[in-house]
Amino acid sequence: MEKGPFSVEWLAQSSRGAAQPAPAARRPRSPPGGAGSQESPADLGEHEAEAGGGAVPGRPRTKFSAAQLQELERSFREQRYIGASEKRRLAAALNLSQSQIKTWFQNRRMKFKRQTQDAR
């Protein structure tokens, strides 16, 4: 009897390293530590478990200064969605990355949405 892929014999050999498993292109892949991670909270380090597991390891939370927050809030009051040029201007003026500016605006819009829904 021929040992075709995924037969009991083939699987037994592949688990011992004798045969190669199916090509990686056929299997769905998820980023390391992403939503598809199979780690339980017990498997995570103490720091990651406390942070909820979603934090990027080694990257502390950004603490914005009062001056940065004041300028970000002023810009948000003028326009809730930031354009590319305004994002570049704010990033340069506040010594932050464009990614940090974008994320701050996303978070601020969600906060605004929660506040307006709670007011109803």
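**View 1. Phe105, a buried ring in helix H5 of this predicted model.** Let's start with Phe105, whose relative accessible area is 0%. Because buried means under 20% relative accessible area, Phe105 counts as buried. Its neighbour in sequence, Trp104, also counts as buried, at 10% relative accessibility. The rings of Trp104 and Phe105 make an edge-to-face aromatic pair, with 5.3 Å from centre to centre and 75° between the planes.

**View 2. An aromatic pair between helices H3 and H5.** Here the partner of Phe105 is Phe76, a residue of helix H3. Phe76 is buried, with a relative accessible area of 5%. A pair of aromatic rings is described by the distance of the centres and the angle of the planes. For Phe76 and Phe105 the centres are 6.0 Å apart and the planes make an angle of 55°, which is a tilted arrangement. Since Phe76 sits in H3 and Phe105 in H5, the pair ties together parts that are 29 residues apart in sequence.

**View 3. The aromatic cluster of Phe76, Trp104, Phe105 and Phe112.** Step back a little, and the two pairs shown so far take their place in a wider group. Phe76, Trp104, Phe105 and Phe112 form one aromatic cluster. A search of the whole structure finds four aromatic pairs, among them Phe76 with Phe105 and Trp104 with Phe105.

**View 4. The largest pocket and its lining.** This pocket holds about 510 Å³ of space. Its lining is made up of 15 residues, and those closest to the centre are Arg61, Thr62, Phe64, Thr103 and Asn107. Helix H3, residues 66-78, and helix H5, residues 98-118, each supply at least two residues of the lining. H5 gives the largest share, with seven residues. By character, the lining residues divide into six charged, five polar and four nonpolar.

**View 5. Asn95 in the loop between helices H4 and H5.** For a last stop, have a look at the loop that follows H4, which spans residues 84-94. Asn95 is found in this loop, and its phi is near 60°, a positive value in a residue other than glycine. Is Asn95 buried or exposed? At 70% relative accessibility, Asn95 counts as exposed, because the cut-off for exposed is over 50%.

Conventions: Residues are numbered from 1 along each chain as its sequence is written. This is a predicted model: local features need pLDDT of at least 70, side-chain atom pairs count only at pLDDT 80 or more; totals for chains, interfaces and linings use all residues. Side-chain values use heavy atoms; hydrogens and water are left out. On a 1 Å grid over the protein atoms alone, a cavity is a set of points where a 1.4 Å probe fits but cannot get out, and a pocket is an open set with protein on both sides within 12 Å along at least five of seven lines; lining residues have an atom within 4 Å of a point. Grid points are joined across faces, edges and corners, and a volume is the space filled by probe spheres set on the points. Helices (H or I, at least four residues) and strands (E, at least two) are DSSP runs, numbered from the N terminus. Ala, Val, Leu, Ile, Met, Phe, Trp, Tyr, Cys and Pro count as nonpolar, Asp, Glu, Lys and Arg as charged, and the others, Gly among them, as polar. Rings of Phe, Tyr and Trp (its six-membered ring) pair if their centres lie within 6.5 Å; planes under 30 degrees apart count as stacked, over 60 as edge-to-face and the rest as tilted. Buried means under 20% relative accessible area, exposed over 50%, partly exposed in between (1.4 Å probe, protein chains only).
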